[in-house]
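Q: Could you take me on a close look at one part of this model, and then follow the contacts outward from there? I would like one connected walk rather than a list.

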Amino acid sequence: MKFQPKRLTFEELSERLREYERKYGYSTIEFYRRYQNGELGDDDEMMMWSGLYHLYLTSLPIRQFMQNEVAKA
């Protein structure tokens, strides 16, 4: 089975994070603190949530920059 990457919009990414928050009952920031402290284990779902949050953190500055550039135009 070949892995097929899927593109997510920033809104879809944000919604995926909110789905995890609803499912587990705490914020992504709280999750990530606990995950980094080794309190939550490393099952597939925890690693996916962590990966999505990392993607969110790294894409947010780019998104903000692009919005500023459009506003200047």
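**A close look around T28**

A: Happy to. T28 sits in helix α2, which covers residues 28-36. Please keep in mind that this is a predicted model. T28 counts as buried, because its relative accessibility is 3% and the cut-off for buried is under 20%. Leaving out residues up to four places away in sequence, T28 touches L17, E21, W49 and Y53. With one of these, W49, the side chain of T28 makes a polar contact of 3.2 Å.

W49 is a good place to go next. This residue is buried, with a relative accessible area of 0%. By the ring-pairing rule, there are eight aromatic pairs. One of them brings together Y24 and W49: the ring centres are 5.6 Å apart and the planes are at 25 degrees, so the pair is stacked. The two partners come from distant parts of the chain, with Y24 in helix α1 (residues 10-24) and W49 in helix α3 (residues 44-72), 25 residues apart. Y24 counts as partly exposed, at 28% relative accessibility, whereas W49 is buried.

Y53, another residue that T28 touches, has a ring partner too. The rings of Y53 and Y56 have their centres 6.3 Å apart and their planes at 15 degrees, so this pair is stacked. Y53 and Y56 are three residues apart in helix α3, so about one helical turn separates them. Y53 counts as buried at 12% relative accessibility, while Y56, at 22%, counts as partly exposed.

Now let us widen the view. W49 belongs to one aromatic cluster with Y20, Y24, Y26, F31 and Y35. The face of Y26 also has a charged neighbour: R34 lies over this ring, at 4.9 Å from its centre. As for F31, its contacts beyond four places in sequence are Y26, L40, M46, W49 and S50.

Several of these names return in the largest nonpolar core, which has eleven residues: L13, L17, Y20, Y26, F31, Y35, L40, M46, W49, L52 and Y53. Helices α1, α2 and α3 each supply at least two residues of this core, and the largest share, four residues, comes from α3. L17, W49 and Y53, which T28 touches, are among the core residues.

To finish, here are the charged side chains. The structure holds six salt bridges. In helix α1, E15 pairs with R18, the closest N and O atoms being 3.0 Å apart; these two residues are three apart in the sequence, about one turn of the helix. E15 also forms a salt bridge with R22, where the closest N and O atoms are 2.6 Å apart. E15 is partly exposed, with a relative accessible area of 27%, and R18 is partly exposed as well, at 37%. R22 counts as exposed, because its relative accessibility is 55% and the cut-off for exposed is over 50%.

Another salt bridge joins R33 and E39, with 3.9 Å between the closest N and O atoms. R33 counts as partly exposed at 42% relative accessibility, and E39 is partly exposed at 43%. Through shared partners, salt bridges join E30, R33, R34 and E39 into one network. R34 brings us back to the rings, as the residue that lies over the face of Y26.

Notes. Residues numbered from 1 in each chain as written. Predicted model: local features only at pLDDT ≥ 70, side-chain atom pairs only at ≥ 80, totals over all residues. Heavy atoms only, no water. Buried < 20%, exposed > 50% of the residue type's maximum accessible area, 1.4 Å probe, protein only. Polar contact = N/O pair within 3.5 Å; in protein donor to acceptor, adjacent residues only side chain to side chain. Contact = heavy atoms within 4.5 Å. Phe/Tyr/Trp six-rings, centres within 6.5 Å; stacked < 30°, edge-to-face > 60°. Lys NZ or Arg CZ within 6 Å of the ring centre and 35° of its normal. Core = buried A, V, L, I, M, F, W, Y, C linked by side-chain atoms within 4.5 Å. Salt bridge = Lys/Arg side-chain N within 4 Å of Asp/Glu carboxyl O.
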